[in-house]
Amino acid sequence: MTGQGQSASGSSAWSTVFRHVRYENLVAGVSGGVLSNLALHPLDLVKIRFAVSDGLELRPKYKGILHCLTTIWKLDGLRGLYQGVTPNVWGAGLSWGLYFFLDLFLDCLEHHTVPSSLWHMNC
């Protein structure tokens, strides 16, 4: 059984840990993940189009990267270049945001700056 004295010391230990975590890192990670995905998604789409274009007559033939990009642009416009971008943006934003958000916490664990009471907490 845990008493209130133990839970109070546990919560103060967690507040000590999260004092080192900066929310700016979360915002920077989300922003970087979203912007990089928006910038590079058309190239990812080209990669997928080349992978799927396995010689079937039903699929369009592309002569190269620029030909693929211009063909998609002519047929579908900007919307065509960003088909399927929503799941990628969510995934990249979430993963990079969490990565940078938790980076300092894991760095604290590595350098043993986390209070020892956290190592012995019963969750």
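## Accessibility and basis of the model

A residue is called buried when its relative accessible area is under 20%, exposed when this is over 50%, and partly exposed in between, with a 1.4 Å probe and protein chains only. By that scale Trp96 is partly exposed, at a relative accessible area of 42%, and of the 123 residues of the chain 24% count as buried.

The model is predicted, and for this reason local features need a pLDDT of at least 70 and side-chain atom pairs count only at pLDDT 80 or more, whereas totals for chains, interfaces and linings use all residues. Residues are numbered from 1 along each chain as its sequence is written, and side-chain values use heavy atoms, with hydrogens and water left out.

## Confidence

The pLDDT, the predictor's confidence in each residue on a scale from 0 to 100, has a mean of 78 over the chain, and 65% of the residues reach 70 or more. Confidence is lowest in helix α1 (residues 4-18), with a mean of 59, and highest in α3, with a mean of 93. Over residues 119-123 the pLDDT is below 50, and this stretch has four contacts in the model beyond near neighbours in sequence.

## Fold and contacts along the chain

The chain has four helices and zero strands, and its pattern along the sequence reads α-α-α-α. Helices (H or I, at least four residues) and strands (E, at least two) are here DSSP runs, numbered from the N terminus.

A contact is counted when heavy atoms lie within 4.5 Å. Among the contacts in the chain with a separation of 6 or more, 71% are between residues 24 or more positions apart.

## The nonpolar core

A nonpolar core is taken as a set of buried Ala, Val, Leu, Ile, Met, Phe, Trp, Tyr and Cys residues that are joined through side-chain atoms within 4.5 Å. The largest such core in this model has seven residues, namely Leu45, Val46, Tyr62, Cys68, Leu69, Ile72 and Leu81. Two or more residues are given to this core by α2 (23-52) and by α3 (65-81), and the largest share, four residues, comes from α3.

Ile72 shows how one core member is surrounded: apart from its neighbours within four places in sequence, Ile72 is in contact with Leu45, Arg49, Tyr62, Gly77, Gly80 and Leu81.

## Packing of α2 against α3

In general, two packed helices are described by the angle between their axes and the distance between the axes. The axes of α2 and α3 come within 11 Å and cross at roughly 115 degrees; such axes are lines fitted to C-alpha atoms, for helices over the stretch in contact, and the angles run from 0 to 180 degrees between N-to-C directions.

On the α2 side His41, Pro42, Leu43, Leu45, Val46, Arg49 and Phe50 take part, and these meet Ile65, Cys68, Leu69, Ile72, Gly80 and Leu81 in α3. The residues of this contact divide into ten nonpolar, two polar and one charged, where Ala, Val, Leu, Ile, Met, Phe, Trp, Tyr, Cys and Pro count as nonpolar, Asp, Glu, Lys and Arg as charged, and the others, Gly among them, as polar.

## Individual positions

Two positions concern α2 and α4. Asn37, in helix α2, is buried at a relative accessible area of 16%, and beyond its neighbours within four places in sequence Asn37 is in contact with Val85, Asn88, Val89 and Ala92. Trp96 belongs to helix α4 (residues 85-110) and, with the same neighbours within four places left aside, is in contact with Gly29, Val30 and Gly33. The C-alpha atoms of Trp96 and Ser31 are 8.6 Å apart, although 65 residues separate the two in sequence.

Other positions can be placed by their accessibility and a C-alpha distance. Asp44, in helix α2, is partly exposed at 26%, and its C-alpha atom is 9.7 Å from that of Tyr82, 38 residues apart in sequence. Leu78, in helix α3, is exposed with a relative accessible area of 51%, and lies 9.5 Å from Pro42, C-alpha to C-alpha, with their positions 36 residues apart in sequence. Lys63 is placed in the loop between α2 and α3 and counts as exposed at 78% relative accessibility, while the C-alpha atoms of Lys63 and Phe50, 13 residues apart along the chain, are separated by 10.0 Å.
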